[in-house]
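Dear colleague,

Please find below the structure I said I would pass on to you. My notes on it follow.

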Amino acid sequence: MVASRAARERKAAAQAGELARVRIEVGPQDQFVYKITCVECTGKGDRPWSVYRPGEDNGFMAGMDRWIFHLREKHPTSDAPCLEFLPAAEQRLHERRRQQAGGTGHADD
Ligand SMILES: [Zn+2]
């Protein structure tokens with residue numbers, strides 16, 4: 001588990017690029033908690049901008065999606081490897097919004 005967490009952390013950090021600090025912690029229910037912090041931006045209360053998502057691969061995807069949108073919005077010149085997943089991240093965002101708007105999420109399929 002520890003080796004796998006470290007390996008995931010390295011992989012996530014490589015994808016997130018040089019502006020990100022990626023940490024994977026183990027939460028109270030033994031689940032991974034993904035934390036991505038921006039080295040340049042501050043969020044609320046002068047703390048670094050960060051994303052915090054618990055979960056296994058879905059937590060990783062949700063955290064990385066938010067990071068991708070942050071990069072696109074605040075650091076448009078970044079060439080972080082994760083930007084390759086921008087179209088997929090936008091698609092997932094679109095689907096989440098549609099599910100929230102449509103109730104069941106399958107209404108217009
Ligand atoms: Zn930033």
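**Strand pairing and the sheet**

In this predicted model, Thr-42 stands opposite Pro-48 in β3. That pair belongs to the antiparallel pairing of β2 with β3, which extends over six bridges. The two strands form a hairpin with five residues between them, and Gly-45 in the turn has a positive phi of about 65°.

On its other pairing, β2 (residues 32-42) runs antiparallel to β1 and is joined to it by seven bridges. Three residue pairs may help you to find the register. Val-26 stands opposite Phe-32 in β2, Glu-25 has Val-33 as its bridge partner in β2, and Arg-21 stands opposite Thr-37 in β2. The hairpin of β1 and β2 also has five residues between its strands, and there Asp-30 takes a positive phi near 70°.

Taken together, the strands make an open sheet of three, in the order β1-β2-β3, with antiparallel pairing. β1 (20-26) and β3 (48-54) each have a single partner strand and stand at the edges, so one side of each is left without a neighbour in the sheet. From one strand to the next, the twist averages 20°.

**Overall arrangement**

The protein chain contains three helices and three strands. Read from the N terminus, its elements run α-β-β-β-α-α. The C-alpha trace spans about 40 × 35 × 30 Å along its principal axes. The chain has 109 residues, of which 17% count as buried. Of the contacts between residues at least 6 apart in sequence, 32% join residues at least 24 apart.

**Helices α2 and α3**

Helix α2 covers residues 57-74. Its 18 residues, at 1.5 Å a residue, should span 26 Å, and the end C-alpha atoms are 25 Å apart, which agrees with that expectation. The buried residues of α2 are Phe-60, Gly-63, Met-64, Asp-65, Trp-67, Ile-68 and Leu-71.

How do α2 and α3 pack, and at what angle? Their axes are 10 Å apart and the angle is about 115°, with α3 comprising residues 86-102. The two helices are therefore roughly perpendicular to each other, as the class for such angles takes in 65 to 115 degrees. Their crossing is left-handed. On the α2 side, Asp-65, Ile-68, Phe-69 and Arg-72 take part, and they meet Leu-86, Ala-89, Arg-92 and Leu-93 in α3. Asp-65 and Ile-68 thus appear both among the buried residues of α2 and among those that meet α3.

**Trp-67**

One residue of α2 deserves separate mention, namely Trp-67. Is Trp-67 buried or exposed? Trp-67 has 29 other C-beta atoms within 10 Å; since 20 or more are required for a residue to count as buried, Trp-67 is buried.

Which residues is Trp-67 in contact with, leaving aside its neighbours within four places in sequence? They are Ala-16, Ala-20, Ile-36, Val-51 and Cys-82. Among these, Ala-20 falls in β1 (20-26) and Val-51 in β3 (48-54), while Ile-36 falls in β2 (residues 32-42). Contacts of Trp-67 therefore reach each strand of the sheet. In addition, the C-alpha atoms of Trp-67 and Thr-37 are separated by 8.7 Å, although the two residues are 30 apart along the chain. Thr-37 is the residue of β2 that Arg-21 stands opposite.

With kind regards

Methods: Residues numbered from 1 in each chain as written. Predicted model: local features only at pLDDT ≥ 70, side-chain atom pairs only at ≥ 80, totals over all residues. Pairing = 2+ DSSP bridges. Helix = DSSP H or I, 4+ residues; strand = E, 2+ residues; numbered from the N terminus. Axes fitted to C-alpha atoms, helices over the stretch in contact; angles between N-to-C directions. Buried ≥ 20, exposed ≤ 12 C-beta atoms within 10 Å, placed from the backbone. Contact = placed C-beta atoms within 7 Å. Expected span 1.5 Å × (residues − 1). Parallel < 35°, antiparallel > 145°, perpendicular 65-115°, else oblique. Left-handed = near helix turned anticlockwise from the far one by under 90°.
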